[in-house]
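Good morning, and thank you for the opportunity to present. I would ask you to look at the sequence and the model first, and then to follow me through the contacts.

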Amino acid sequence: MSTPLSLSGLDLPRRNGELVFESPWQSTVFGLAAAVIDNAFGGDREPFRQQLVKAIAAEPGRPYWESWTAALEALVETLPERPVP
Amino acid sequence: MSERGHHPAPLSPVERRVAALEALLTERGLVPEGFIEEITRRYESEIGPLNGAKVVARAWVDPGYKGRLLTDGTAAIAELGFGGPEGDHMVVVENTPDVHNVIVCTLCSCYPWPVLGLPPSWYKDPPYRARMVREPRTLLAEMGCPLPGDVEIRVWDSSAEVRYLVLPQRPAGTAGMTEAELAGLVTRDSMIGVARL
């Protein structure tokens, strides 16, 4: 393998595109989904993805992170009442 | 003393829903302390299109790497330290003078996160998802990427099983550039396939 690249001097990711999150609630709900996927589904993202597909199909014109929120709400509904110890 | 500034703006409906989710999930012990701050920090400062740009630049300067990248994208991308435990299968599709590739996810927002970060807003919008499949040449032209009529356009619809990344053509006149300099030329949009370099 060749020498690793240095990051210095290159644009930060957010400048090589657009801002990642437009407001704090978006990063919060993104992180919440990641936490649920990691800690309730063992890292399996497919159950959340299926909810997201459904949420987007239900209201195609809804802003993306609102559909994401609806998907997470629906996924949380499927969790058992009490966490497995 | 004025009260102004002491009362934050009332929460919007979606902000209230997110706050409720956060409270519920925290109460159930599913959100370790600092988890959200850490993952946000990573996506805002570490995981982004620069990762993909480094993959592309390496492929441009190292034919052996390029071969591995086109054969087994997941493994070749992991060589540079990108990827994750998610198990996504990465497929890299190469642009040539005759073929232009573009990625889309018609169902939701599947996207090669480890190498491109989070998707731009237009990628998640219904018009892009629908039109890139139906009329890619027209949409690409509208997005500032007109293609000659004899260039074949291949549209790759991402899925739970496969995430695609476009390997753009190396621009002319870059023979003397270093790998790091080349990485600086590679844009997110070129790796989605809605721009050429």
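I shall speak about the interface, then chain A, and then the salt bridges of chain B.

Please keep in mind throughout that this is a predicted model.

Let me begin with the interface. The size of an interface is often given as the accessible area lost when the parts come together. For chain B and chain A, that buried area is about 4,500 Å². Carbon and sulfur atoms give 66% of that area. In terms of residues, 50 from chain B are in contact with 48 from chain A.

Which parts of chain B supply the side that touches chain A? At least two residues each come from α1 (13-27), α2 (35-45), α3 (49-61), α7 (121-124), α8 (126-134) and α10 (179-183) of chain B. Of the contributions to this side, that of α1(B) is the most, with 8 residues. Sorted by class, the side of chain B that touches chain A comprises 26 nonpolar, 8 polar and 16 charged residues.

I turn now to one position in that helix. Val18(B) is located in helix α1 of chain B. Is Val18(B) buried or exposed? With a relative accessible area of 2%, Val18(B) is buried, because anything under 20% falls into that category. Setting aside its neighbours within four places in sequence, Val18(B) is in contact with Trp25(A), Thr28(A), Val29(A), Leu32(A) and Thr69(A).

Next, the charged and polar pairs across the interface. Side chains of opposite charge can pair when their charged atoms come close. How many salt bridges are there between chain B and chain A? The count is 1. Glu73(A) and Arg17(B) meet through their side chains in a salt bridge, at 2.8 Å from N to O. As for polar contacts between chain B and chain A, the count is 2 residue pairs, with both residues at pLDDT 80 or more.

A few words on chain A itself. Chain A has 3 helices and 0 strands, and its pattern along the sequence reads α-α-α. Chain A has 85 residues, of which 44% count as buried. Among contacts in chain A with a separation of 6 or more, 51% join residues that are 24 or more positions apart. The exposed area of chain A is about 4,700 Å², and carbon and sulfur atoms supply 53% of that area.

I now come to the salt bridges in general. Over all chains, the structure holds 12 of them. I have selected three within chain B.

The pair I take up at the outset is Glu179(B) and Arg58(B), whose side chains meet in a salt bridge at 2.5 Å, N to O. This pair links distant parts of the chain: Glu179(B) is in helix α10 and Arg58(B) is in helix α3 of chain B, 121 residues apart. How accessible is Glu179(B)? Its relative accessibility is 16%, so Glu179(B) counts as buried. Arg58(B), at 3% relative accessibility, also counts as buried. The two side chains are listed as a polar contact as well, at 2.5 Å.

The next pair is Arg68(B) and Glu79(B), which form a salt bridge with their closest N and O atoms 2.7 Å apart. Arg68(B) lies in helix α4 (residues 63-71) and Glu79(B) in helix α5 (residues 73-79) of chain B, so this salt bridge ties together parts that are 11 residues apart in sequence. Arg68(B) is partly exposed, at a relative accessible area of 39%. Glu79(B) counts as partly exposed too, with 25% relative accessibility.

The remaining pair is Arg131(B) and Glu142(B). Their closest N and O atoms are 2.8 Å apart in the salt bridge. Because Arg131(B) lies in helix α8 and Glu142(B) in helix α9 (residues 136-142) of chain B, the pair ties together parts that are 11 residues apart in sequence. Arg131(B) is buried, with a relative accessible area of 18%, whereas Glu142(B) counts as exposed at 52% relative accessibility. Which residues does the network contain? Salt bridges with shared partners join Arg131(B), Arg134(B), Glu135(B) and Glu142(B) into one network.

To conclude, I would return to two points. Between chain B and chain A, there is 1 salt bridge, and the buried area is about 4,500 Å². Within chain B, the pair of Glu179(B) and Arg58(B) links helix α10 with helix α3. Thank you for your attention.

Definitions and conventions: Residues numbered from 1 in each chain as written. Chains lettered and ligands numbered in written order. Predicted model: local features only at pLDDT ≥ 70, side-chain atom pairs only at ≥ 80, totals over all residues. Heavy atoms only, no water. Contact = heavy atoms within 4.5 Å. Buried area = accessible area lost by both parts, 1.4 Å probe. Salt bridge = Lys/Arg side-chain N within 4 Å of Asp/Glu carboxyl O. Polar contact = N/O pair within 3.5 Å; in protein donor to acceptor, adjacent residues only side chain to side chain. Helix = DSSP H or I, 4+ residues; strand = E, 2+ residues; numbered from the N terminus. Nonpolar A, V, L, I, M, F, W, Y, C, P; charged D, E, K, R; others polar. Buried < 20%, exposed > 50% of the residue type's maximum accessible area, 1.4 Å probe, protein only. Areas by Shrake-Rupley, 256 points an atom, 1.4 Å probe, with all protein chains shown as cover.
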